[in-house]
Amino acid sequence: MSPIPAYLTEKVAPEHQAQLTELYHLLQALLPTATERFSYGMPAFYVDGKPVIYFAAAKHHLGLYPTASPIANFANELVAYHTSKGAIQFPYDQPLPTDLITKIVNFRVHEITD
């Protein structure tokens, strides 16, 4: 697994860098053949030229942007988090829900590739 690029952590508070790094490595592991690029000012992973997921570190949370359909599909599992049509906020004071993120990513890849 490659190290997290410095541009992802340079503006993130030191106490939040561990969770951002964990998220980045999880996404790399789940999407080993994806293309990484910037879109909408955020890092993103693309499969077959389509975005799977965007992510960003904010002051009080990690933002995950998997598009609207995974958020609707996993609404019952996301009740503990602040969500909007296309965004999920994971507070820094809670463990990263890696199993849920895995389901969301797999759902989104399935949407793209089927």
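Is Thr 113 buried, partly exposed or exposed? I began my notes with this residue, which sits in helix α4, where helices (H or I, at least four residues) and strands (E, at least two) are DSSP runs, numbered from the N terminus. Thr 113 counts as partly exposed because its relative accessibility is 42%, given that buried means under 20% relative accessible area, exposed over 50% and partly exposed in between (1.4 Å probe, protein chains only).

Before going on, I noted that this is a predicted model, in which local features need pLDDT of at least 70 and side-chain atom pairs count only at pLDDT 80 or more, while totals for chains, interfaces and linings use all residues. Residues are numbered from 1 along each chain as its sequence is written, and side-chain values use heavy atoms, with hydrogens and water left out.

**Entry on Thr 113 and Asp 48**

I looked up what Thr 113 touches and found Val 47 and Asp 48, not counting residues up to four places away in sequence; contact here means heavy atoms within 4.5 Å. I also checked Thr 113 against Ala 87, and their C-alpha atoms are 22 Å apart in space with their positions 26 residues apart in sequence. I then followed the contact to Asp 48, which I found in the loop between β2 and β3. Asp 48 is exposed, with a relative accessible area of 61%, and its phi is near 55 degrees, a positive value in a residue other than glycine. I wrote beside this that most residues other than glycine have a negative phi.

**Entry on the core**

I turned next to the largest nonpolar core, which has 30 residues, and in which Phe 55 and Ile 101 have the most contacts. A nonpolar core is a set of buried Ala, Val, Leu, Ile, Met, Phe, Trp, Tyr and Cys residues joined through side-chain atoms within 4.5 Å. Two or more residues of this core come from each of α2 (17-30), β2 (42-47), β3 (50-57), β4 (61-65), β6 (88-91) and α4 (98-113). As background, nonpolar side chains tend to be buried together in soluble globular proteins.

I listed the contacts of Phe 55 beyond four places in sequence, and among them are Leu 20, Leu 23, Tyr 24 and Leu 27, along with Phe 45 and Leu 64. Phe 45 belongs to strand β2, and I noted it as buried because its relative accessibility is 1%. Its own contacts, leaving aside neighbours within four places, include Tyr 24, Leu 27, Gln 28, Val 52, Ile 53 and Phe 55.

**Entry on α2 and α4**

Which residues of α2 are buried? I found Gln 19, Leu 20, Leu 23, Tyr 24, Leu 26, Leu 27 and Gln 28 to be so. I also compared the length of α2 with expectation: its 14 residues should span 20 Å at 1.5 Å a residue, and its end C-alpha atoms are 20 Å apart, which agrees; the expected span is 1.5 Å times one less than the number of residues.

Helices α2 and α4 pack at an angle of about 40 degrees, with their axes 11 Å apart. I therefore recorded the two helices as oblique to each other, since angles under 35 degrees count as roughly parallel, over 145 as roughly antiparallel, 65 to 115 as roughly perpendicular and the rest as oblique. The axes are lines fitted to C-alpha atoms, for helices over the stretch in contact, and the angles run from 0 to 180 degrees between N-to-C directions. Where they meet, Glu 22, Leu 23, Leu 26, Leu 27 and Leu 30 in α2 face Thr 98, Ile 101, Thr 102 and Val 105 in α4 through contacts.

**Entry on Tyr 54 and Tyr 40**

I placed Tyr 54 in strand β3 and noted that it is buried, with a relative accessible area of 9%. Leaving aside neighbours within four places in sequence, Tyr 54 is in contact with residues including Ser 39, Tyr 40, Met 42 and Tyr 65. Tyr 40, in the loop between β1 (35-39) and β2, is exposed, with a relative accessible area of 72%. I marked its positive phi of about 55 degrees, as Tyr 40 is not a glycine.

**Entry on Ser 69**

Lastly, I found Ser 69 in helix α3 (residues 68-73), partly exposed at a relative accessible area of 27%. Its contacts, apart from neighbours within four places in sequence, are Phe 107 and Glu 111.
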